[in-house]
Amino acid sequence: MSTTEKLTPGKLAGLKAVSDSRNVIAAAAMDQRGSLQKSLTKERGAAAGGHDLEVFKTLVTEVLTRHASAILLDPEYGLPASKHRNGKGLLLAYEKTGYDATTAGRLPDLLDVWSVRRLKDAGADCIKILLYYTPFDKPHINDIKHAWIERIGDECVAHDIPFFLEFVGYDADGGDEKTVEYARKKPSIVAGSMQEFSKPQYNVDVLKVEVPIVMEFVEGTKAFKGEAAYSRKEAMQLFLDAAAVTKKPFIYLSAGVSNAVFIETLEMAGESGVAYNGVLCGRATWKDGIRIFAVEGESSFRKWLETTGVENIENVNKALRAATPWTAKVA
């Protein structure tokens, strides 16, 4: 692909800092907050506090960054962990965790005492924002989200730091996102979101996207559970169709699936020939260790990370051989 965009020096340096030697982003994600706290509390049968989150994040960072190009953390509980990242790149989250379920549209909010300036001063090489988004929500809801992303994009331009935008789809009609009906809607939600946030007014540098299919509804996959939304051939075409709407670098998120399912997904992406530029992979690497940390403690969790956790991330790295350098899309 011909060069489409010229990066400023700060943005170029930030992207290089979170990439591997091939200029592929092979990053680990550890910015979960509310969901992680709930999982730890559930497994332990007793409340998990901020200190638990800090320790969990530090252990994950210390072990897994030996095998990753960067780590994504949050400034609320992740700053102690950021000191243990083995010289790898750092992305920091800027949004509050979760959303207010009593308000329509899953509207986003920023952390109260943080700004792009402050995140950069705290060591961030890149800024990450998570946005719940579907192109099919009411126009006034999406207008709020569009303006919000424009503001953050401008802030990142002002501080010359890369802006990673992660969007997670949902059903605007209130349907369950785990159904075959949603699986059929998902390709247009993912592609529509990628198309929208590739527009220049948002100043997004890297799109962090869901894969455009749901593996358990793809006929012929190991993950298939018996109900089909698409054939294997159709699923591979959907990877290409989503990619065709943007010229920006984009990476895939693991979206909470198991390591085996995420690996199979990346293998399918590779087989389709889609020019994706890496991953930000969180729970598919460390999720199964939550119970061990909660019940057996730090040293058992460290041992689990050094064996199973490392194996999980190396599986991802192996699948990433099919990823392409983002430098093919920007200069």
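This short talk covers the aromatic pairs, the nonpolar cores and one helix of the structure above.

The model is predicted, so local features need pLDDT of at least 70 and side-chain atom pairs count only at pLDDT 80 or more, while totals for chains, interfaces and linings use all residues. Residues are numbered from 1 along each chain as its sequence is written, and side-chain values use heavy atoms, with hydrogens and water left out.

I start with the rings. Rings of Phe, Tyr and Trp (its six-membered ring) pair if their centres lie within 6.5 Å; planes under 30 degrees apart count as stacked, over 60 as edge-to-face and the rest as tilted. By this rule there are 12 aromatic pairs. In one of them, Phe56 and Trp286 meet edge-to-face, with 5.6 Å from centre to centre and 80° between the planes. This pair links distant parts of the chain, 230 residues apart: Phe56 sits in helix α3 (residues 50-64) and Trp286 in helix α10 (residues 283-286). Helices (H or I, at least four residues) and strands (E, at least two) are DSSP runs, numbered from the N terminus.

Are these two residues buried or exposed? Buried means under 20% relative accessible area, exposed over 50%, and partly exposed in between (1.4 Å probe, protein chains only). Phe56 has 0% and is buried; Trp286, at 2%, also counts as buried. Ring pairs join Phe56, Trp286, Phe293, Phe301 and Trp304 into a cluster.

Next, the cores. A nonpolar core is a set of buried Ala, Val, Leu, Ile, Met, Phe, Trp, Tyr and Cys residues joined through side-chain atoms within 4.5 Å. The largest has 89 residues, and Phe56, Ile149, Tyr252 and Tyr276 have the most contacts inside it. Apart from it lies another core of 16 residues, among them Ile25 and Trp326.

Last, helix α6. Its 20 residues (139-158) should span 28 Å at 1.5 Å a residue, and the end C-alpha atoms are 28 Å apart, which agrees. The expected span is 1.5 Å times one less than the number of residues. Buried residues in α6 include Ile141, Trp148, Ile149 and Cys156. The buried residues of α6 cover an arc of only 165° around the axis, which puts them on the same side; the arc is that of the directions from the helix axis to the C-beta atoms. On the other side of α6, Pro139, His140, Asp143, Arg151 and Ala158 are exposed. After α6 comes Asp160, with a positive phi near 50°.
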